[in-house]
Amino acid sequence: MTRELARAPTGRDPALDEGLEDLARWMDDVFRVPAVGVRFGLDALLGLVPGLGDTATSLVAFYLLVAAVRHRVPKVTIARMGLNVAVDYLAGALPVVGDAFDLWWKANRRNLELLRRHAAAPAGVARRATLGDWLFVGVIMASLVALLVGSLVVAAYLASGLWRLLAGG
C-alpha cells in the first residue's frame, strides 16, 4: 500500500512519489501509542507549540499542493486539498481541542490519498499543468497565508488585551 503511488503507470517520477509518501507518514502517523494504537506524527507534536507549530506544519503541507500541480491534479481536487490544510490549521490553532483534533485529522495523509487517486488514472488522462493551474494554487496558498496573518493579528490583539488586563490598566 505504501508504494502504490510509485507504481502508478503514469510516467511520473517514482522518487518524488516515495518522498511524498514519506512526508505524509512523518507528518501524520510516524509514531504509535502502544496501548491504544493511535498513530500521530510531527504535525501533532509541532502543533503543541502555540502559533508557530501549526504554521510550520501548514507550510510543509503546501509541498503536497505544489506536487499536485506537478502531477496535473484537477483544480477541484487541489481546492479540496487546500481545504484539508485550512481545516487542519484552523482547528489545530485552538488550544487543547486543536491538539486532540490533530490526532484525528490527518491533512497530509488525506491529501496524499487524493493525489494517489488521481495518479492512478491512466497516463492519457493526465494533462499538462497550465498557468491557470499554478494561479489557482497560488490563490489557495495566498488565502491560507491571509488566514495565517489574520489569526496572528487576532492573537496579538488578544495578547495585548490580556497584558493590559493583567497590568491593571
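# Exercises: cavity, pocket and helix packing

Thr 55, Ser 58, Leu 59, Phe 62, Val 85, Tyr 89, Leu 144, Val 145, Leu 147 and Leu 148 line the largest cavity. Keep that list handy. The model is a predicted one.

**Exercise 1. Work out which helices supply at least two residues each of the lining of the largest cavity, and sort the lining by class.**

Step 1. Start with the count: one cavity of 30 Å³ or more turns up. The largest cavity holds about 90 Å³ of space.

Step 2. Now match the lining to the helices. At least two residues each come from α3 (52-70), α4 (75-92) and α7 (131-167).

Step 3. Sort by class. Eight of the lining residues are nonpolar and two are polar, with no charged residues in the lining.

**Exercise 2. Take Leu 147 from the cavity lining: is Leu 147 buried or partly exposed, and what does it touch?**

Step 1. Place the residue: Leu 147 sits in helix α7.

Step 2. Check the accessibility. Leu 147 comes out at 25%, and buried would need under 20%. Leu 147 is therefore partly exposed.

Step 3. List the partners. Setting aside neighbours within four places in sequence, Leu 147 contacts Ala 86, Tyr 89 and Leu 90. Ala 86 is 61 residues away along the chain, yet the two C-alpha atoms are separated by 8.2 Å.

**Exercise 3. Compare the end-to-end span of α7 with the expected span, then find what its buried residues pack against.**

Step 1. With 37 residues at 1.5 Å a residue, α7 should span 54 Å. Its end C-alpha atoms lie 53 Å apart, so the two values agree.

Step 2. Pick out the buried positions of α7: Asp 133, Val 137, Ile 140, Met 141, Leu 144 and Leu 148. Leu 144 and Leu 148 also appear in the lining of the largest cavity.

Step 3. Those buried residues pack against α3 and α4. Both helices contribute to the cavity lining too, along with α7.

Step 4. Look just past the end of the helix. Gly 168 has a positive phi of about 85° there.

**Exercise 4. Describe how α4 meets α5, and follow Gly 92 through that contact.**

Step 1. Take the geometry. The axes of α4 and helix α5 (residues 97-104) come within 7 Å, crossing at roughly 145°.

Step 2. Name the residues. On the α4 side they are Val 87, Asp 88, Ala 91 and Gly 92, and on the α5 side Gly 98, Phe 101 and Asp 102. Split by class, that makes three nonpolar, two polar and two charged.

Step 3. Zoom in on Gly 92, which belongs to α4. Gly 92 is buried because its relative accessibility is 3%, against a cut-off of under 20%.

Step 4. Beyond four places in sequence, Gly 92 touches Asp 54, Val 87, Gly 98 and Asp 102. Leu 48 is 44 residues from Gly 92 in sequence, and their C-alpha atoms are 8.8 Å apart.

**Exercise 5. Decide whether α6 is mostly covered or mostly open, and place Asn 111 in the picture.**

Step 1. Helix α6 runs over residues 107-119, and its 13 residues reach 18 Å from first C-alpha to last, close to the 18 Å expected.

Step 2. Count the buried residues: ten of the 13, so α6 is mostly covered. Among them are Arg 109, Leu 112, Arg 116 and His 118.

Step 3. Asn 111 is part of α6, and it counts as buried because its relative accessibility is 0%.

Step 4. Leaving out residues up to four places away in sequence, Asn 111 touches Leu 64, Arg 80, Met 81, Asn 84 and Val 85. Val 85 is also one of the residues lining the largest cavity.

**Exercise 6. Characterise the largest pocket: what is its volume, and which helix supplies the largest share of its lining?**

Step 1. The volume is about 400 Å³. Its lining has 19 residues, and closest to the centre are Pro 50, Gly 51, Ala 93, Leu 94 and Pro 95.

Step 2. α4 and α7 each give at least two lining residues. The largest share is that of α7, with five residues.

Step 3. By class, 13 residues of the pocket lining are nonpolar, four are polar and two are charged.

Notes
Residues are numbered from 1 along each chain as its sequence is written. This is a predicted model: local features need pLDDT of at least 70, side-chain atom pairs count only at pLDDT 80 or more; totals for chains, interfaces and linings use all residues. Side-chain values use heavy atoms; hydrogens and water are left out. On a 1 Å grid over the protein atoms alone, a cavity is a set of points where a 1.4 Å probe fits but cannot get out, and a pocket is an open set with protein on both sides within 12 Å along at least five of seven lines; lining residues have an atom within 4 Å of a point. Grid points are joined across faces, edges and corners, and a volume is the space filled by probe spheres set on the points. Helices (H or I, at least four residues) and strands (E, at least two) are DSSP runs, numbered from the N terminus. Ala, Val, Leu, Ile, Met, Phe, Trp, Tyr, Cys and Pro count as nonpolar, Asp, Glu, Lys and Arg as charged, and the others, Gly among them, as polar. The expected span of a helix is 1.5 Å times one less than its number of residues. Buried means under 20% relative accessible area, exposed over 50%, partly exposed in between (1.4 Å probe, protein chains only). Axes are lines fitted to C-alpha atoms, for helices over the stretch in contact, and angles run from 0 to 180 degrees between N-to-C directions. Contact means heavy atoms within 4.5 Å.
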